Amino acid sequence: MTENSGTSGSTPSRRQVLLAGTAALGAAALTTTGLGTAASAQPGAGAPLRSPFTLGVASGDPLPNGVVLWTRLAVDPLAENGLGGMPDRVVPVQWQVAEDEGFRKVVASGTEQARPESAHSVHVELTTLNPATEYYYRFRVGSELSPVGRTRTAPRFGAQLDRFSFAFASCQNFPVGHFSAYSHMVREDLDLVAFLGDYIYESGSKGTIGRPHAPAHETFDLADYRTRHAQYKTDPDLQAAHAAFPWVVVFDDHEVENNWAADRSQPDAEPDQDPAVFRKRRTDAFQAYYENMPLRETQHAWGANMRLYRRLTFGNLVDFHLLDTRQYRDFQDQDKRLDPERTILGAEQRNWLLRNLGGRTARWNVLAQQVFFSQRDFTAGDEDSFSDDAWDNYVAERNLVRDRMAKASNPVVITGDVHANYVCDVKADFDDPASATVATELVGTSITSNGNGVEQNPGDAVQLAENPHIKFINRHRGYVRNTITHSAWTADFRVLDYVETPGSPIRDRARFVIDDGRPGAKLV
């Protein structure tokens with residue numbers, strides 16, 4: 001089911017052929033399935049739109065009875081006002097869901113209104129589909145037909161599930177690399193993709209590979225963020241991965257600004273140091289994020305607030321606890337890292353997580369989150385130094401979550417942010433290597449951030465020596481593929497040789513297995 005090597009130009013998979021073939025069916029096929037003719041699609045709506053689906057399609061947050069379907073209309077994706085070249089009017093968007101790639105067995109259809117105040121984005125929340133079922137979907141505006149997406153609903157709650165496969169990824173910086181990892185991901189046999197933050201970067205970087213950021217300055221207002229999201233969505237490999245699988249997404253810092261915390265901007269010379277000014281920036285960033293992601297209405301941004309944390313369940317096998325470690329945290333401060341009152345989750349989210357982990361859970365329990373969870377001392381010898389942006393800066397709360405995880409079934413933390421692959425044993429006491437291992441942390445590298453990548457940095461030998469619970473470090477680019485059964489979790493660290501030019505092959509750098517009932521990963 002998986003290729004160990006190949007390039008973006010290699011022979012397409014069956015799924016790619018099916019999706020491409022379905023997209024080519026055209027609007028005429030829709031007339032046979034109850035949506036009417038192209039001419040009647042939007043009477044009196046003004047001049048017809050040409051090529052409005054430049055940003056592709058996506059689905060997300062699968063439940064047993066449905067998923068979210070997404071698209072955003074843009075005839076000129078990089079228009080400086082952030083509105084994608086769209087007219088200042090409501091545009092009806094028809095949608096279809098079918099059991100087959102030829103759309104002969106349509107099971108749901110309807111019309112949503114794409115509104116200019118939402119950058120003509122569309123979020124369709126389906127609630128009448130069958131559990132554990134593969135579906136195909138598409139959109140239409142007038143005579144224009146979108147690409148076809150493939151999605152899958154979750155199994156019934158508590159249903160017996162023998163196998164679940166997903167990939168997780170993070171940190172895709174457009175100017176520093178090509179998103180070639182996704183050209184390989186679409187060939188995988190996956191039920192889900194989890195994206196753990198830094199979907200866009202806020203800088204005005206030009207890079208050196210011919211993919212400069214648009215707009216050509218740091219993003220500060222709503223138009224900037226809308227344009228930046230649109231630019232990333234124009235990448236064909238990213239579009240293909242969204243169309244191939246349902247995604248679950250959480251943000252980290254760069255969707256707003258590097259290292260922001262709650263109402264505070266990072267300490268620099270930018271004009272948003274006033275908390276009120278930064279909240280306006282955060283409000284704009286959150287709105288654009290929602291408009292460009294397959295999220296439910298419950299995740300809609302309301303001003304500077306966005307309820308992103310949530311739980312998704314896949315039968316009796318896997319529970320995903322999707323966390324937000326950015327919006328509610330105390331500001332980074334090394335001098336206060338041991339303060340028992342400090343929080344990275346905020347009281348409400350923390351209580352929600354502890355309550356969920358303390359109740360009925362699936363066989364495997366995933367904390368899908370952004371920043372490094374395990375202790376990471378960077379300095380050799382008796383001196384210590386830690387990241388102030390990770391859980392090391394919020395020690396008491398980490399210990400509380402760790403202790404509750406220890407009582408749950410098979411806890412696994414999946415993490416992004418650091419542009420490197422890591423495997424860690426989560427210890428009952430990180431300062432005592434002989435203490436019990438209570439969970440496992442799998443950290444995934446970036447899609448492109450930090451460029452081509454290397455096997456290890458010079459300082460990694462110090463990390464491995466000072467932190468014996470860290471079992472593996474690698475700094476190539478790629479993603480982590482995970483296959484979960486009742487007996488084991490298998491994590492394959494899939495890495496690219498390069499990203500600064502397109503077409504890199506992919507290979508399995510390492511495989512780790514976590515056995516049911518035995519926390520900690522072993523290299524196989």
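## Helix 4: length and surroundings

Let's start with helix 4, residues 222-233, in this predicted model. With 12 residues at 1.5 Å a residue, helix 4 should span 16 Å, and its end C-alpha atoms sit 17 Å apart, which agrees.

Is helix 4 largely enclosed or open? Look at its residues: 11 of the 12 are buried, so the rest of the structure largely encloses it. Among the buried ones are Leu222, Tyr225, His229 and Tyr232, along with charged residues including Asp224 and Lys233. The cover over these buried residues includes strand 2 (66-72), helix 5 (236-244) and helix 6 (275-291).

## Salt bridges across the chain

The structure holds 33 salt bridges. One of them joins Glu144 to Arg50, with the closest N and O atoms 3.8 Å apart. This pair links distant parts of the chain: Glu144 is in strand 7, Arg50 is in the loop between helix 2 and strand 1, and they are 94 residues apart. Glu144 counts as buried because its relative accessibility is 19%, and the cut-off is under 20%.

Another salt bridge brings Asp460 and Arg475 together at 2.7 Å, N to O. Asp460 belongs to helix 9 and Arg475 to strand 19, so the pair ties together parts 15 residues apart in sequence. Asp460 is buried at 1%, and Arg475 is buried too, at 12%.

## A salt-bridge network

Arg511 and Asp492 also meet in a salt bridge, at 2.5 Å from N to O. Since Arg511 lies in strand 21 and Asp492 in strand 20, the pair ties together parts 19 residues apart. Arg511 is partly exposed at 38%, whereas Asp492 is buried at 2%.

Which residues join them in one network? Through shared salt-bridge partners, Glu188, Arg481, Arg494 and Asp508 are linked up with Asp492 and Arg511.

Note on methods
Residues are numbered from 1 along each chain as its sequence is written. This is a predicted model: local features need pLDDT of at least 70, side-chain atom pairs count only at pLDDT 80 or more; totals for chains, interfaces and linings use all residues. Side-chain values use heavy atoms; hydrogens and water are left out. Helices (H or I, at least four residues) and strands (E, at least two) are DSSP runs, numbered from the N terminus. The expected span of a helix is 1.5 Å times one less than its number of residues. Buried means under 20% relative accessible area, exposed over 50%, partly exposed in between (1.4 Å probe, protein chains only). Contact means heavy atoms within 4.5 Å. A salt bridge is a side-chain nitrogen of Lys or Arg within 4 Å of a carboxyl oxygen of Asp or Glu.
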